[in-house]
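Student: I should like to learn how to read a structure that is new to me. Might we go through its features in turn?

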Amino acid sequence: MRAIIKDFFIPFCRLRDEKKGYAVSLIKAGATAIGRSAGSVRAPLTMPNAEQENRFKALIEANK
């Protein structure tokens with residue numbers, strides 16, 4: 001449990017907190033990253049930029 005919190009959840013929360021609405025956007029980006037497209041968010045929310053998506057993908061890969 002501690003490893004999951006330290007290695008995944010805390011970094012995920014830091015990424016999520018970079019922009020309002022990323023709680024939804026990152027879940028959709030994560031679904032796409034693992035091959036289960038959830039589509040894009042609707043305005044006024046925005047999807048993470050390419051750099052943030054890459055960081056999230058790396059976080060997912062590191063915690064499989």
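**Reading the fold**

Tutor: We may begin with secondary structure. This is a predicted model, and the protein in it has 3 helices and 0 strands.

Student: What pattern does the protein follow when read along the sequence?

Tutor: The pattern is α-α-α. Helix α1 covers 2–16, α2 covers 22–33 and α3 covers 50–62.

Student: How does one judge the overall dimensions, and which radius of gyration does the protein have?

Tutor: One compares the radius of gyration with the value for a compact globule of equal length. For 64 residues that value would be near 11 Å, and the protein has 11 Å, so the two agree. Along the principal axes, the C-alpha atoms fill a box of roughly 35 × 25 × 20 Å.

Student: What do the contacts tell us about parts of the chain that are at least 24 residues apart?

Tutor: Contacts can be sorted by how far apart their residues are in sequence. Taking contacts between residues at least 6 apart, 51% join residues at least 24 apart. One such case involves Asn-63, in the segment after α3. Asn-63 is 55 residues from Phe-8 in sequence, yet their C-alpha atoms are 6.7 Å apart in space. Beyond its neighbours within four places in sequence, Asn-63 is in contact with Asp-7 and Phe-8.

Student: Is Asn-63 buried or exposed, or does it fall in between?

Tutor: Its relative accessibility is 30%, and Asn-63 therefore counts as partly exposed.

Student: How should I think about the interior, and which residues form the largest nonpolar core?

Tutor: In soluble globular proteins, nonpolar side chains tend to be buried together. Here the largest nonpolar core has 8 residues: Phe-12, Cys-13, Leu-15, Tyr-22, Leu-26, Phe-56, Leu-59 and Ile-60. Each of α1, α2 and α3 supplies at least two residues of this core. In the protein as a whole, buried residues make up 23% of the 64 residues.

Student: Which residues does Leu-15 contact, leaving aside its neighbours within four places in sequence?

Tutor: Leu-15 is in contact with Tyr-22, Leu-26, Gln-52, Arg-55 and Phe-56. Among these, Tyr-22, Leu-26 and Phe-56 are also listed in the core.

Student: Where do Ile-4 and Ile-27 lie, and are they buried or exposed?

Tutor: A nonpolar residue has to be examined individually. Ile-4 lies in helix α1 and, at 55% relative accessibility, counts as exposed because the cut-off for that class is over 50%. Ile-27 is placed in helix α2 and, with 53% relative accessibility, also counts as exposed.

Student: How is the surface as a whole described, and how much of it belongs to carbon and sulfur atoms?

Tutor: One considers its area and the atoms that contribute to it. The accessible surface comes to about 4,700 Å², and carbon and sulfur atoms account for 59% of it. As for charge, the protein has 12 positive and 6 negative charges, whose mean positions are 6 Å apart.

Student: Finally, which residues does the cis peptide bond join?

Tutor: A peptide bond is classed by its omega angle. The cis bond here joins Ala-43 and Pro-44, with omega at about 15°. Pro-44 is located in the loop between α2 and α3.

Technical notes. Residues numbered from 1 in each chain as written. Predicted model: local features only at pLDDT ≥ 70, side-chain atom pairs only at ≥ 80, totals over all residues. Heavy atoms only, no water. Helix = DSSP H or I, 4+ residues; strand = E, 2+ residues; numbered from the N terminus. Rg over C-alpha atoms; globule rule 2.2 N^0.38 Å. Buried < 20%, exposed > 50% of the residue type's maximum accessible area, 1.4 Å probe, protein only. Contact = heavy atoms within 4.5 Å. Areas by Shrake-Rupley, 256 points an atom, 1.4 Å probe, with all protein chains shown as cover. Lys, Arg positive; Asp, Glu negative; His and termini not counted. Charge placed at Lys NZ, Arg CZ, Asp CG, Glu CD. Core = buried A, V, L, I, M, F, W, Y, C linked by side-chain atoms within 4.5 Å.
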